[in-house]
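User: I have a model open and would like to talk through its strands, rings and surface with you. Could you take my questions one by one?

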Amino acid sequence: INGSGTLTNTGPFRITGTNYKYLSGTTLVNQNTISQSGGNFYLQNGATLTNSGTYDLTTDGGVSLGTGAVPTFTNTGTFRKSSGSLTSSVYVPFTNSGGTVQVDSGTLRFRKSSSFNGGTYTVASGKVLIFSEGDQTHTVSGTLSGTISGTIKVDAATLTVASGGATFAFGGNGFTFESGTINGSGTLTNTGPFRITGTNYKYLSEVTLANQGTVTYTGERIYLQNGATINNSGTFDLATNAEISSSTGSGTVSNSGTFRKSSGTSTSEISVPFDNGSSGTIDVQTGTLYLSGTFANFSGSTLTGGNYQGAGKLKFTDASIATNTGNITLNGNSAPIVNQSGVNALSSLSANGSGGTITIENGANLTTSGAFSNAGALSVGASSSFTAGGNYTQTGGSTTLASGTLAAGTVDIQ
C-alpha cells in the first residue's frame, strides 16, 4: 500500500498471510480494528501508521522497518498483543500518546527508539513488555500507569526521562530495571513497586529517581553518575548484598523514608554521599550496611537526625559517636553502629542531646567508656542494660527503665 495520500480505516482491517506486506510512503489512519495475523508488516519510505482504534497482534509477527526514510507509528488507541507465545517486535519508532499498550500473550519488545507519553500499560501474568536494544533510547514523560501482573522492564537500552519529568504509577509487580541506563534532566517519580534485578550493570545518569513507593533491589551493583540522585520518601529495600556505587560524575542518595537492608548476611556498600535527613529511617535487619561515602548525618563526633534501627550493623567511615541527637534503637544488638574497622561507634558515647532518643531492648547492652549526660529520652527494656563508665546525669528529657538495668558511678537526676 503506497501513495502520498491518507488511507483512513473505519471498519475491520486484516493483515494476513506469510508473504511480505509493505506500507510505503503513505499514511494509514486506523479508527477501528486492525488484526495482524500474518508475519511481519513493513513500514518504509516515511510511511505513517496512526492508530486511534485497536491494533491487535494476533500472532508472533511484528512491525518491521523497511527501506528509505524512517517511518513512524503513533498510538492513541490500543496497541495489543493478544496471541502468540513467542516475541513480537516493533522495529519502527513508536509513539504512545496517552494510549494503551497491552500484552496478553508472549512478549512484546520495542527495539527502536520510541516515546511513551503517559498512557496505560497492562501485562498479563507470565507475559513481558520490554524496552530494549543497547543503542536505542526510549523517552518517557507524563504519567505511565496500569496493572503489571507480568513484567514491564528496560533491558540493555537507555530510558530517558523528559525534562518535564515522568511518573511511574504501576500496580501489581510494578516496573523492572534489569540492565541499561536511566538518564535525563527530569525527575522520574515512582509511586508503586519498582524492582532492580539482574546481574548486569545498571546506571542512573543525571536523572533524579524520586521514590514514593517501594524499590526492591535484588540485583547486583547500580551506578550513579553525572550527578544522579535517588530521593527516597517511600521504602528502598536492599534485598541482597547489593551495592550503590559511583561512576563518572558520581551521585547522591537522600532518604526521608525507610532505607532498609532486609536480606543478605554480608555487606551492602553505598559509596556515594548519603543523607538521612531529619526524619529518614535506616533499618538494617540483617548483615551490614556500609556507608563508605560521605554521611551527612555525622559531623565531628555528633550523630544528627533520623532513625537508626535493626538487628544488623550500620557501618560508616570514622564512626565514633560522642553525642547523639538522632533516634537509635539497639534491638538485641549491642553494637548496631560501627566504624570501618568494625569498632563499636557507641562505646565513646557521652551525651544524648535534646531531641535524641536511645532505646535498648530485646537483650541488648550498651556500655560507654565514661560519664554520660542525658537531655533526651533513654529507655532500657527487659533483659537489657545501660552501663556508664562514670556518672549518669539527667539534665532534661526522661530515663525509662522498663524492667531493664541502669548502672553508673552515681545517678544524678536534675
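Analyst: What follows is a walk through some strands, aromatic rings and surface spots of this model, which is a predicted one.

User: Let's start with β13. Which way do its side chains point?

Analyst: In strand β13, residues 94-97, the side chains alternate, with F94 and N96 pointing to one face, where they are buried, and T95 and S97 pointing to the other, where they are not. As a general matter, side chains in a regular strand alternate between the two faces of the sheet.

User: And how is β13 joined to strand β10?

Analyst: Strand β10, which covers residues 72-75, runs parallel to β13, and three bridges join the two. Within that pairing, T74 stands opposite T95 of β13.

User: What about β16, in which sense does that one pair with β13?

Analyst: The sense is parallel here too, with three bridges between β13 and strand β16, residues 115-123. T95 comes up again, since its counterpart in β16 is S115.

User: Switching to rings. How many aromatic pairs does the structure hold?

Analyst: There are 33 aromatic pairs in the structure. One of them is formed by F79 and F110, a tilted pair with 6.4 Å from centre to centre and 40° between the planes. This pair links distant parts of the chain, as F79 belongs to strand β11 (residues 78-81) and F110 to strand β15 (residues 107-110), 31 residues apart.

User: Are F79 and F110 buried or exposed?

Analyst: Both F79 and F110 are buried. F110 also forms a pair with F131, and that one is stacked, at 6.3 Å centre to centre and with 25° between the planes. Because F110 lies in strand β15 while F131 lies in strand β17 (residues 128-132), the pair ties together parts that are 21 residues apart in sequence. F131 is buried, as is F110.

User: Which residues form the aromatic cluster?

Analyst: One aromatic cluster is formed by Y55, F73, F79, F94, F110, F116, Y121, F131, F168, F170, F175 and F194. Among its members is F94, which is one of the buried residues of β13.

User: Where does the charged end of K315 sit?

Analyst: The charged end of K315 sits over the ring of Y290, at 4.9 Å from the centre of that ring.

User: OK, surface next. Which residues make the nonpolar patch?

Analyst: L65, V70 and Y91 make a nonpolar surface patch of about 260 Å². L65 is part of strand β9, residues 63-65.

User: Why does L65 count as partly exposed?

Analyst: The relative accessible area of L65 is 35%, so L65 is classed as partly exposed, given that this class lies between the 20% limit for buried and the 50% limit for exposed.

User: And G25, where is that?

Analyst: G25 is placed in the loop between β3 (21-24) and β4 (27-30), and with a relative accessibility of 33% G25 counts as partly exposed. G25 and N45 are 20 residues apart in sequence, and their C-alpha atoms are 4.8 Å apart in space.

User: Last one: what is the strand order in the open sheet of seven strands?

Analyst: The order is β38-β39-β42-β45-β48-β51-β54, and the pairing is mixed. At the edges are β38 (298-299) and β54 (411-413), each of which pairs on one side only. Within this sheet, strand β45 (residues 351-352) and strand β48 (residues 372-374) run parallel and are joined by two bridges, and N352 has N374 in β48 as its bridge partner.

Notes:
Residues are numbered from 1 along each chain as its sequence is written. This is a predicted model: local features need pLDDT of at least 70, side-chain atom pairs count only at pLDDT 80 or more; totals for chains, interfaces and linings use all residues. Side-chain values use heavy atoms; hydrogens and water are left out. Buried means under 20% relative accessible area, exposed over 50%, partly exposed in between (1.4 Å probe, protein chains only). Helices (H or I, at least four residues) and strands (E, at least two) are DSSP runs, numbered from the N terminus. Two strands pair if DSSP finds at least two bridges between them. Rings of Phe, Tyr and Trp (its six-membered ring) pair if their centres lie within 6.5 Å; planes under 30 degrees apart count as stacked, over 60 as edge-to-face and the rest as tilted. A charge sits over a ring if NZ of Lys or CZ of Arg is within 6 Å of the ring centre and within 35 degrees of the ring normal. Patches are made of residues with over 30% relative accessible area and no salt bridge: like charges are joined within 9 Å, nonpolar side chains (Val, Leu, Ile, Met, Phe, Trp, Tyr) within 5 Å. Accessible areas come from the Shrake-Rupley method with a 1.4 Å probe; for residues, only the protein chains shown count as cover. A salt bridge is a side-chain nitrogen of Lys or Arg within 4 Å of a carboxyl oxygen of Asp or Glu.
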